[in-house]
Amino acid sequence: MSYFPGMYHIALNQEGRAEEAWEGNGWRLRFQRAPTLAESTQATGLARMIASAPLVTGSSDRVRWGRRGHEEYTVRRGYRWWRRLASHRPEMVALQGLIWRSAAPLKIKIFVWLVGQERILTKVYCAKWNPDISTQCVLCNGGEETVDHLFRECMAARGLWLRLGARCNHRLNCPSMGEFWEATRKLTCRGDRSLESKVRRLVIPAGLWAIWLTRNSVIFRGQRFYMENLWDTAEGCIRDWGKFIVGANTIELHRGGHVDVGTG
């Protein structure tokens, strides 16, 4: 995982055994979705590394730690591993800033982190345990429900990010999920402690949570999808969470990033 972190996050069976990837005369790597160009390069390197490893028969799989494979786990080694992982996924640095500098509730922060790690229970993710379920996105009926599709590619998500981007004066429709996370850097500037900046940091968590709530309402409550309902949910999250920033009764984020605070 430390050598090819991107491969682990899109692997179809992240907890699989070595024998499950062996098919008669060679190794076969399976992914949740088609790899991007950068991920394809990593996949090629991973396949070459696996192919060059000597096979040991008659023994069970073992879990080992560290580059040399025989080290014991320590906090220092764990931190060093995390730093190497972060260097391969710079968008995660932006994601951390988005989460911990945000005034969103803790539950929402954890949810956003899981989205960034592609660990939430999308239909494609659940299909690993139940291949018979439909993996079609219920918001657009136009693609398989992966993290990338549900929160970025889906027409519903694109429409929401377009409107939220106009509110915070920032482009949020991006060509890839990695670039989407990278785009949050401008919303999480360390030196900017203005009220507008604090409210802008709620935009991404509010949008992601609104998409997830709306998706669940369609699946589990049988509600019909309306774009305005999705927008109202996101706007309501920003309004409710933003109240705790200044202790006001009402707070509104207007087009261009202007914030209105009211006490009535």
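A residue counts as exposed when its relative accessible area is over 50%. L162 has a relative accessibility of 59%, so this residue is exposed. The structure described here is a predicted model. This briefing covers the surroundings of L162, the packing of two helices, the aromatic pairs and the charges placed over rings.

**L162 and its position**

- L162 belongs to helix α8, which spans residues 155–167.
- Ten residues along the chain separate L162 from L172, and the C-alpha atoms of the two are 6.7 Å apart.

**Packing of helices α8 and α11**

- Two packed helices are described by the angle between their axes and by the distance between those axes.
- For α8 and α11, the angle is about 155° and the axes lie 11 Å apart.
- Angles over 145 degrees count as roughly antiparallel, and α8 and α11 are therefore roughly antiparallel to each other.
- The two helices, α8 and α11, make a right-handed crossing.
- On the α8 side, the contact is formed by A157, L160, W161 and L164, while α11 contributes V203, I204, G207, L208 and I211.

**Aromatic pairs**

- The model holds six aromatic pairs.
- One of them joins F111 and W212, whose ring centres are 5.9 Å apart and whose planes stand at 40°, so this pair is tilted.
- The pair of F111 and W212 connects distant parts of the chain, since F111 lies in helix α5 (residues 106–116) and W212 in helix α11 (residues 203–220), 101 residues apart.
- Residues under 20% relative accessible area count as buried; F111, at 7% relative accessibility, is therefore buried.
- W212 has a relative accessible area of 12%, so W212 is buried as well.
- Y125 and W129 form another tilted aromatic pair, with 5.3 Å from centre to centre and 55° between the planes.
- Within this pair, Y125 is buried because its relative accessible area is 8%, whereas W129, with a relative accessible area of 61%, is exposed.
- A cluster of F111, F151, W209 and W212 is linked together by ring pairs.

**Charges over rings**

- K128 is placed over the face of Y125, at 4.0 Å from the ring centre; Y125 is also the buried member of the pair with W129.
- R163 has its charged end over the ring of W231, at 4.2 Å from the centre of that ring.

Conventions
Residues numbered from 1 in each chain as written. Predicted model: local features only at pLDDT ≥ 70, side-chain atom pairs only at ≥ 80, totals over all residues. Heavy atoms only, no water. Phe/Tyr/Trp six-rings, centres within 6.5 Å; stacked < 30°, edge-to-face > 60°. Helix = DSSP H or I, 4+ residues; strand = E, 2+ residues; numbered from the N terminus. Buried < 20%, exposed > 50% of the residue type's maximum accessible area, 1.4 Å probe, protein only. Lys NZ or Arg CZ within 6 Å of the ring centre and 35° of its normal. Axes fitted to C-alpha atoms, helices over the stretch in contact; angles between N-to-C directions. Parallel < 35°, antiparallel > 145°, perpendicular 65-115°, else oblique. Left-handed = near helix turned anticlockwise from the far one by under 90°. Contact = heavy atoms within 4.5 Å.
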